[in-house]
2 protein chains.
Amino acid sequence: MPELLVVGSVALDSVATPFGAVREALGGSATYFAYAASFFTGIRLVATVGADFPKEHLDLLRGRGVDLSGLQISDGRTFRWTGEYGYDLNEAKTLDTQLNVFADFKPVLAPPLRRAPFLFLANIDPVLQLDVLRQMDERPRLVALDTMNFWIQGKKADLLRVLREVDVVTINDGEARQLAGEANLIRAARAIAAMGPKTVVVKRGEYGALMLCDGLFFMAPAFPLDAVYDPTGAGDTFAGGFVGHLAAMDRVDPSTLRRAVVYGSVMASFTVEDFSLNRLTRLTSEEIGARYDAFQSLTRVEA
Amino acid sequence: MPELLVVGSVALDSVATPFGAVREALGGSATYFAYAASFFTGIRLVATVGADFPKEHLDLLRGRGVDLSGLQISDGRTFRWTGEYGYDLNEAKTLDTQLNVFADFKPVLAPPLRRAPFLFLANIDPVLQLDVLRQMDERPRLVALDTMNFWIQGKKADLLRVLREVDVVTINDGEARQLAGEANLIRAARAIAAMGPKTVVVKRGEYGALMLCDGLFFMAPAFPLDAVYDPTGAGDTFAGGFVGHLAAMDRVDPSTLRRAVVYGSVMASFTVEDFSLNRLTRLTSEEIGARYDAFQSLTRVEA
């Protein structure tokens, strides 16, 4: 099975929503991505944590077969994020960010990691994203990238540089509009595709996802849930299911990409059903398959 | 072909969006509904206008075969609405409402109108909606109803009374939450179904539509448009395509209802491409068919 490499953050998140709260729970873009992808394919994680990082979290990831040989454990404290959501769960309010060891994160790929055929550059400094791509022994079959408003605003030239070299970008709707400088989302997606990535996946939270692929749009709703507890990590979990399915199939044709969007939506729908990775840690492959089928019934017009 | 009756408003709208403006253009819930439905089935309109209502608008509706025998032309001025939209086209800001002759609207159905097998009660006072239903010679095969925040807030008991007697309700997402007193849209839809209508269609503007039908959800995105000029009338046009298709098929089974949601989305997608009914007046059946097919490609996971 082709392998997937993710470079991103591992964090301790303190999150409050109208439905509860957690303190210093497992979080981070690479964590959510890797955990979700582990249901689909072999996955290796590159990130950094501090000496204070709880061993139980490492055990949790190892228990899913996530290769942690690229996880640096540095002197100092782990990256911490504190945020809250109101009833509009689409919008997080950041209360506190302590980068700690993540501030000095310089990913260095050991030789076995440089040969992964599928690479996900989670939301980190675009300079580091490009540096990771340069470290690969050969161009991976698929490179996907996620980013956020912070880099669009502060490091746009660097972001545009790495965007030219990736196949897929996953991005929030608001950030897609910001990156493209275009209020209309359809035109924004086309503008981003013109920056380099042949495939643009726009994550719209409770409104689902939109993919532009070779000039054609695909739209998937979010799975209808009657209880959403915490949207943290939904986007990275989406990406984990999305790229995980592509790696498992070892294909990136339009049909596989459409199915991958549905698998991404399915994985995200589980994540938001509980805080942190709690729902994912109880998840089974059977549940993923059943929700994939339910998702198809939900959107199918003709029987 | 089974016939469809709509009772609602015919108005003159003055609308400004970031992309242009119109003064005293043809509008009103029954107008958009009837014009859209006319592409699918025979349609009769019951509403009221003032003596100042331009004859060209009547000619436009008659030109589409809309039966206007139920349109009262009263002394006084036609209902006028003035509103504007910002870049967030999901939210209209009402600047002025002049009910004029609409304030005294008491729909009286002449005998031929009382036998329509399909009835759409557009967004008017729920007391009038129920009164219209009572005037029917026999219970229509399908009764659909639309409503808005104004009635939910001011006439909730009357609204609940008529809701008990209808088959389908079409409602905005915000208003669905308000009516159900429930922030989660999935639970809100279920709560509304428990009020009477077996089928609940939630209109989500640029995020598409959601249907709850016999306990099963169906979700359709909005058609991706790279230019939206004016969302006024999109919801009523949606309803016109939706009920129009059901009437044309003379069926209300779940598969037909799903196709009807897509036809509704297709019709709404045309309406927003220009101000007032301007895009609809240039529309052809071939364009409707082509966009229906494009819509299917847009959402189909498996080829």
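**Entry 1. Terms and model**

I take two strands to pair if DSSP finds at least two bridges between them. I note that the structure before me is a predicted model.

**Entry 2. The sheet of chain A**

I looked up how the strands of chain A are arranged and found an open sheet of four strands, in the order β3-β2-β6-β7. I recorded its pairing as mixed. Strands of a sheet pair through backbone hydrogen bonds, either parallel or antiparallel.

I then asked which strands of chain A stand at the edges. They are β3, residues 20–27, and β7, residues 92–98, and each of them pairs on one side only. On average, neighbouring strands of this sheet are turned by 15° against each other, with direction ignored.

I next followed the pairing of β6 with β7 in chain A. Strand β6(A) covers residues 80–85 and runs antiparallel to β7(A), to which six bridges join it. For A:R80, I found the bridge partner in β7(A) to be A:Q98.

**Entry 3. The sheet of chain B**

I turned to chain B, where four strands make an open sheet with mixed pairing, ordered β3-β2-β6-β7. Here β3 (20–27) and β7 (92–98) of chain B each have a single partner strand, so one side of each is left without a neighbour in the sheet. The average turn between neighbouring strands of this sheet is 15°, direction ignored.

I examined β2(B), residues 11–17, and found that it pairs with β3(B) in the antiparallel sense over six bridges. Within β3(B), I located B:A21 opposite B:A16.

**Entry 4. How the two chains are related**

Two copies of a chain are related by a rotation about an axis and a shift along it. I asked what turn lays chain A on chain B. The turn is 180°, with a shift of 0.0 Å along the axis and an RMSD of 0.0 Å. I therefore recorded the relation as that of a two-fold axis. In chain A, A:Y207 has the C-alpha nearest the axis, at 3.1 Å from it. I also noted that the same surface serves both copies, as 96% of the contact residues of chain A recur in chain B.

**Entry 5. The contact between the chains**

I found 24 residues of chain A in contact with 23 residues of chain B. On the side of chain A that touches chain B, two or more residues come from each of α7 (185–193), β13 (216–220), α9 (254–271) and α11 (285–299) of chain A. I asked which element gives the most to this side. It is α9(A), with four residues. By kind, I divided the residues of this side of chain A into 15 nonpolar, five polar and four charged.

Technical notes:
Residues numbered from 1 in each chain as written. Chains lettered and ligands numbered in written order. Predicted model: local features only at pLDDT ≥ 70, side-chain atom pairs only at ≥ 80, totals over all residues. Least-squares fit on C-alpha atoms with pLDDT ≥ 70 in both. Contact = placed C-beta atoms within 7 Å. Axes fitted to C-alpha atoms, helices over the stretch in contact; angles between N-to-C directions. Nonpolar A, V, L, I, M, F, W, Y, C, P; charged D, E, K, R; others polar.
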